[in-house]
Amino acid sequence: MGARLRNIQARAAEHGRLRTGYTNGNRPMRSPNWVVTSHSEEHVRRAAELWGGKAEQWQPLNSTIGQWRVITTSPSIEALITPGDPLNQYNEMWSKGGCQRRCDGETETLTRQPCICAARFGEDWHQQKKGVVCSTTSRLNVMLPDLSGMGMWRAETHSFYAAQEWGGMVDMVLAGTDGKGFIPVNLRIEPRQRVANGETKKFPVVVVELRGITPRQALAGPVNAAMALNPSTFGQQPAAIEAPRPDYLAEAEGALTSDDVRDVWRKASAAGHVDPKGSDALSKQLTDLAAAKEEESKQHKQSSDEPGPDADGVYEGEVVEESEQPGGWPAAAQPGSGARR
């Protein structure tokens, strides 16, 4: 693999956006469910299969380039936070001419002035009407593991309250993983309401919550891709590799006595490789082998009882009484037989 240019940061391609609203003509509409938009028809049609809705061609406002979108029927989407810092947050003001302000909460970065909204309206500036002050804009880059391609999807929200929650969540994850692992999450649109000055306002907030793992696991260190894709296996010990089973029969055949064969059976029983009652095939084979060793031992004992030669190699002769020999002495030993004296 060739070396990357030092002054160009590696970055995955952006496949599309995850939105909490859509346009009906020129009218912006909030959505209780996710809206998936992309230049890729394939991605959008697959999103419709996963999360409901109908894929359709779509023309973004102030754009001459058509895209595809699906207004899904799902308020929750499974995603992965990828290595690195996935969150970008600014207070921004846009017009048809582009971005007019981009503030980090202290400094307006385009003009390098102190925060204009806070200077005019104080710390509660975010309660002013949209267009008068900047909108808190949070962009979270995630991977959608069930869609094709290895690129990123950008979830974007302009909620002041969601911005605080996203920042806290991502900061905790980065503290545990040092930005080096994957974290499985759910992106969920949650309806909320707030009462201020006697008025009740309802609004959606995108909640980023851990999926399939606990905070302890998420903060314990980087999570590899395989476990992030299948959180149900997180924390499980890998299956132990079973040691090869001894060849008990060969070991018993090499035994010297039936007691040695029985020791082999006891060894197999302790390892759980035979039926404790001896009803399995191996137990029966060992039983037959023990009986054969027992019979072999008896035959060897009988043969060892027969007299053998002494230290000089002489067998002990059998003493035969004269009365037991028919005709008395043997013919060769009778007087006059010609036998030498």
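The chain has eight helices and 13 strands. The model is predicted. Of the 341 residues in the chain, 33% are buried. Among contacts with a separation of 6 or more, 55% are between residues 24 or more positions apart.

**Strands β1, β2 and β11**

- Strand β1 covers residues 14–24 and strand β11 residues 152–157; the two run parallel and are joined by four bridges.
- In this pairing, G16 of β1 has W153 of β11 opposite.
- On β2, strand β1 has an antiparallel partner, with eight bridges between the two.
- R19 and V35 stand opposite each other in the pairing of β1 with β2.
- The connection from β1 to β2 is a hairpin with two residues between the strands.
- G25 lies in that turn and has a positive phi of about 75 degrees.

**Strand β4 and its partners**

- Strand β4 spans residues 67–71, and four of its five residues are buried, so the strand is mostly covered under the cut-off of 20% relative accessible area.
- One partner of β4 is β2 (residues 27–38), paired in the antiparallel sense over four bridges.
- V35 faces I71 of β4 across this pairing.
- V35 also stands opposite R19.
- Another partner of β4 is β3 (residues 56–58), again antiparallel, over three bridges.
- W58 has Q67 as its bridge partner in β4.

**The sheet β5-β12-β13**

- Three strands, in the order β5-β12-β13, form an open sheet with antiparallel pairing.
- The edge positions belong to β5 (76–81) and β13 (199–210); each has a single partner strand, so one side of each lacks a neighbour in the sheet.
- Direction ignored, neighbouring strands of the sheet are turned by 35 degrees against each other on average.
- Strand β12 (residues 183–196) is joined to β13 by 12 bridges, and the two run antiparallel.
- Within that pairing, R194 stands opposite K201 of β13.
- Helix α3 (residues 160–177) packs on this sheet and touches both β12 and β13.
- The direction of helix α3 makes about 15 degrees with that of β13.

**Aromatic rings**

- A pair of aromatic rings is described by the distance between the centres and the angle between the planes.
- The count of aromatic pairs comes to one.
- The pair consists of W125 and F160, whose ring centres are 6.4 Å apart; the planes stand at 85 degrees, and the pair is therefore edge-to-face.
- W125 belongs to the loop between α2 (116–121) and β10 (135–142), while F160 is in helix α3.
- The two residues are 35 residues apart, and the pair links distant parts of the chain.
- Burial differs between the partners: W125 is buried, with a relative accessible area of 9%, whereas F160 counts as partly exposed at 24% relative accessibility.
- Elsewhere, R102 lies over the face of Y90, at 5.9 Å from the ring centre.

**C134 in the loop between α2 and β10**

- C134 lies in the loop between α2 and β10, the loop that also holds W125.
- With a relative accessibility of 7%, C134 counts as buried, because the cut-off for a buried residue is under 20%.
- Contacts of C134, leaving aside neighbours within four places in sequence, are with N91, E92, M93, R101, C117 and W125.
- W125 in this list is also a member of the aromatic pair with F160.
- E92 is 42 residues from C134 along the chain, yet the C-alpha atoms of the two are separated by 4.8 Å.

**H273 in the loop between α7 and α8**

- H273 is located in the loop between α7 (258–270) and α8 (281–304).
- A polar contact of 2.7 Å connects the side chain of H273 with the side chain of Y248.
- Not counting residues up to four places away in sequence, H273 touches R245, P246, Y248 and A268.

Methods. Residues numbered from 1 in each chain as written. Predicted model: local features only at pLDDT ≥ 70, side-chain atom pairs only at ≥ 80, totals over all residues. Heavy atoms only, no water. Polar contact = N/O pair within 3.5 Å; in protein donor to acceptor, adjacent residues only side chain to side chain. Contact = heavy atoms within 4.5 Å. Buried < 20%, exposed > 50% of the residue type's maximum accessible area, 1.4 Å probe, protein only. Pairing = 2+ DSSP bridges. Axes fitted to C-alpha atoms, helices over the stretch in contact; angles between N-to-C directions. Phe/Tyr/Trp six-rings, centres within 6.5 Å; stacked < 30°, edge-to-face > 60°. Lys NZ or Arg CZ within 6 Å of the ring centre and 35° of its normal.
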